[in-house]
Amino acid sequence: MSQMRRPPAEPTCPGCEEPLERGDLFCGACGYDLSALAQQPVDHPTVAITVPPVAGGAVGSGAAPPPPAVRYDDPPRGAPAPGIDDFELAAPGPVPARPETQPQPVDPRSVEPGPAPAAGPAAKVCVACRTGRIDEDGYCENCGHAQPRERDHMEQELDAVAAVSDRGLRHHRNEDAFAVSAAALPDGSPAVVAIVCDGVSSATRPDEASAAAATAANEALLESLPRGTHPQQAMHEAIVAAAESVNLLAADADQGMEHDPHRHTNAPACTLVGAIVASGLLVVGWVGDSRVYWVPDDRTAPPARLTEDDSWAAQMVAAGLMNEAEAYADERAHAITGWLGADAYELEPHTASFKPDRPGVVVVCTDGLWNYAEAAQEMALAAPADAAARPLHCAQVLVGHALDGGGHDNVTVAVLPFAVPEQGAGSAYGTA
């Protein structure tokens with residue numbers, strides 16, 4: 001989640017003239033050391049809006065909450081965000097479970113290095129100057145160039161789900177994370193899972209927060225679904241487990257000092273969105289402003305957004321204080337009101353269950369994508385026609401859509417195909 005709103009005189013790197021992010025200590029394009037420069041004037045940050053505590057659901061101690069996390073987010077793109085369309089969706093067909101695999105890093109930005117220096121075969125060499133060694137923070141000790149990181153671009157594909165995550169074109173690292181998996185329910189039928197997390201950039205170690213949350217939620221689901229836990233209850237429990245894993249990161253504050261001990265002061269934080277397809281149901285769960293979209297195979301049928309943002313704009317619309325056009329045109333529109341982290345006042349997981357009636361795909365994504373395809377109709381237009389048959393290709397195309405639109409943020413997309421159940425087949429679960 002990166003800041004797109006900039007002051008009139010946009011700060012640029014003295015080395016390559018690329019635009020800089022607020023708080024950057026190195027240029028993400030050329031690695032120029034910015035720490036010695038005078039601090040550039042910046043715009044006022046967007047602050048996460050807090051809500052009054054409610055009874056129950058809290059994660060963490062009952063002590064007075066610390067200051068809210070500061071969230072830098074994308075400005076409104078002109079079109080109002082649609083509401084949730086209530087209709088019957090299509091159910092997933094049977095998909096054989098496969099052993100879980102780890103995301104495989106793909107690095108499209110790397111440059112073929114020259115011959116390794118004589119210092120030793122295991123020494124990492126800079127992809128830019130090809131002579132300098134790489135320090136533990138990923139920068140060349142000779143020229144300062146930022147090196148490609150393992151998480152810059154990741155892809156993973158199972159039989160029934162695929163996901164792609166990319167750093168984007170302006171962010172200096174990828175702070176998103178995902179987990180996709182499949183499990184067998186007690187009756188032997190498959191359950192397919194996709195979890196997508198977006199680190200809060202202004203918090204300490206947002207990349208670690210998103211990775212911890214995605215892993216914890218996925219592991220919780222793989223443990224509870226085979227035991228027969230209802231998918232909607234399992235999703236709720238998985239979000240709680242994810243929140244607890246992010247909270248634990250706050251206890252190890254010393255590891256959050258990457259270059260400057262005062263760079264970030266907020267606890268590690270992220271958003272989470274997930275989807276489960278099991279026994280003819282689609283279950284979604286979320287905290288924050290990452291989203292789930294339904295895109296039917298028949299593009300003449302209406303697509304839908306299945307989640308409601310935890311954001312300032314959504315609160316204004318829900319309270320009747322503004323219409324959608326007014327709320328999403330405001331500069332505060334994308335300030336989040338819910339997230340996972342030790343400085344969140346209350347944890348309020350949202351879950352919803354749908355029973356689809358037509359084939360299609362479920363798109364689970366961070367705002368790095370939906371900022372470029374906000375309305376459900378825009379998402380349906382961006383997804384290729386053969387999305388259900390080629391979920392990895394669909395995820396790649398959607399990431400490319402965001403990069404073509406500017407790539408101002410990290411982009412993560414998971415795609416789950418749905419098939420209509422065979423005639424007479426029923427669901428083991430009822431809709432909630």
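A residue is called buried here when its relative accessible area is under 20%. D198 comes in at 0%, so this aspartate counts as buried. Keep that cut-off in mind as you turn the model, which is a predicted one.

Let's start with the overall picture. The protein has 432 residues, and buried ones make up 52% of them. Its secondary structure amounts to seven helices and 13 strands. If you take the contacts between residues at least 6 apart in sequence, 71% of them link residues at least 24 apart.

Back to D198, then. You'll find D198 in strand 5, which covers residues 190–199. Look across from there to D367: the two sit 169 residues apart in sequence, yet their C-alpha atoms are 8.3 Å apart in space.

Now for the helices. Helix 1 takes in residues 206–224 and helix 2 residues 231–249, and their axes come within 8 Å of each other, crossing at roughly 145°. The crossing of helix 1 past helix 2 is right-handed. On the helix 1 side, the contact uses E208, A209, A212, A213, A216, A217, A220, L221 and S224, while helix 2 brings A234, M235, E237, A238, A241, A242, S245, V246 and L249. Sort the residues of this contact by type and you get 14 nonpolar, two polar and two charged.

Each helix is worth a look of its own. Helix 1 has 19 residues, which should span 27 Å at 1.5 Å a residue, and its end C-alpha atoms are indeed 27 Å apart. Its buried residues include P206, D207, S210, A214 and N218, and several of its contact residues are buried too, among them A209, A213, A216, A217, A220, L221 and S224. What lies over the buried residues of helix 1? The cover includes strand 4 (176–184), strand 5, helix 2, strand 6 and strand 10.

Helix 2 also has 19 residues, and the 27 Å from its first C-alpha to its last is close to the 27 Å expected. Among its buried residues are P231, Q232, I239, A243 and N247, along with A234, M235, A238, A242, S245, V246 and L249. The cover over the buried residues of helix 2 includes helix 1, strand 6 (269–278), strand 7 (281–287), strand 10 (340–341) and strand 11 (350–354).

Strand 6 turns up in the cover of helix 1 and in that of helix 2, and L272 is a handy place to see how it fits in. This leucine is found in strand 6. Is L272 buried or exposed? With a relative accessible area of 0%, L272 is buried. Beyond its neighbours within four places in sequence, L272 contacts I195, V196, C197, A213, A217, I239, A242, G285, W286, V287 and L340. Follow L272 over to A177 as well: these residues are 95 apart along the chain, and their C-alpha atoms are separated by 9.5 Å.

Finally, the cysteines. How many disulfides does the structure hold? Zero. C143 is in none, and the nearest cysteine sulfur to it, that of C126, is 3.7 Å away; a disulfide would need the sulfur atoms within 2.5 Å. C143 counts as partly exposed, because its relative accessibility is 36%. C270 isn't in a disulfide either, with the nearest cysteine sulfur, that of C197, 4.8 Å away. At 0% relative accessibility, C270 counts as buried.

Conventions: Residues numbered from 1 in each chain as written. Predicted model: local features only at pLDDT ≥ 70, side-chain atom pairs only at ≥ 80, totals over all residues. Heavy atoms only, no water. Axes fitted to C-alpha atoms, helices over the stretch in contact; angles between N-to-C directions. Helix = DSSP H or I, 4+ residues; strand = E, 2+ residues; numbered from the N terminus. Left-handed = near helix turned anticlockwise from the far one by under 90°. Contact = heavy atoms within 4.5 Å. Nonpolar A, V, L, I, M, F, W, Y, C, P; charged D, E, K, R; others polar. Expected span 1.5 Å × (residues − 1). Buried < 20%, exposed > 50% of the residue type's maximum accessible area, 1.4 Å probe, protein only.
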